[in-house]
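Here are my notes on the model you sent round. Please read them with the coordinates open.

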Amino acid sequence: PDFIGVWGDQAKKHAIEIHQFQDRQIFCLGTPRFNSYFGLRNSEIGSHFDFPYILFVGTAINFDEEKMLSFLDDTIEKNKNIFGNVKIVYRPHPWRQNAIKVEPSYGKNVITDPQALSGGNNKTTEYLPSLDYYPSLLRNAEFLVGGLTSMLIEGLIFHKQFLGLAIDDGTYLTNMKN
């Protein structure tokens, strides 16, 4: 091509260093998925839930999220004096590779985002949520936890802290540690 559009500076650098494009051929366009968040991140947005929650974001690659959810549920249950009525809302990646059936809950303190349950795990775009759904989900979370995924960027745009689980899950070679 004579010209290309890229998300940002890293992709531009790759286009120059790897694909031998000239600087004048490359335009940084950003991504429309994230751009709308900047106008909403400081706004009051109603929550999908009537309780405080930690948002657990899933990854596309194999990672034993169920084991992590069980551990977190147990931690909250044993430490109610710290966590109070905080729950974890699990947002599985729509195209996760380990096609384990997503359950509505993973203990007393962990629920699956009801919107994510609406489509199953059929690896198509048919049930992906409207991008209008995410701002509330992100904005109202206490913080985010999960594997290393683009939701980390989305959470940071909303000024949320993100606890990345870069650990060996003891199950999959593609765990977050590796």
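The points below go from the overall fold to the sheet, one helix and a surface patch.

1. This is a predicted model: local features need pLDDT of at least 70, side-chain atom pairs count only at pLDDT 80 or more, and totals for chains, interfaces and linings use all residues. Residues are numbered from 1 along each chain as its sequence is written, and side-chain values use heavy atoms, leaving out hydrogens and water.

2. The protein has seven helices and seven strands, in the sequence pattern β-α-β-α-β-α-α-β-β-α-α-β-α-β. Helices (H or I, at least four residues) and strands (E, at least two) are DSSP runs, numbered from the N terminus.

3. Of the 178 residues, 39% are buried, that is, under 20% relative accessible area with a 1.4 Å probe and protein chains only.

4. Five strands form an open sheet in the order β5-β4-β3-β6-β7, with parallel pairing; two strands pair if DSSP finds at least two bridges between them. At the edges, β5 (110-112) and β7 (162-164) each pair on one side only. Within the sheet, β3 (residues 53-57) and β4 (residues 87-91) are joined by five bridges, and V57 is opposite R91 in β4.

5. F3, F27 and L29 make a nonpolar surface patch with about 350 Å² of accessible area together. Patch residues have over 30% relative accessible area and no salt bridge (a side-chain nitrogen of Lys or Arg within 4 Å of a carboxyl oxygen of Asp or Glu); nonpolar side chains (Val, Leu, Ile, Met, Phe, Trp, Tyr) are joined within 5 Å, like charges within 9 Å. Areas come from the Shrake-Rupley method with a 1.4 Å probe; for residues, only the protein chains shown count as cover. F3 lies in the segment before β1 (4-6).

6. Helix α3 (residues 65-78) lies across β3, β4, β5 and β6 (144-146), at about 170 degrees to β4. Angles run from 0 to 180 degrees between N-to-C directions, with axes fitted to C-alpha atoms, for helices over the stretch in contact (heavy atoms within 4.5 Å).

Definitions and conventions. Buried < 20%, exposed > 50% of the residue type's maximum accessible area, 1.4 Å probe, protein only.
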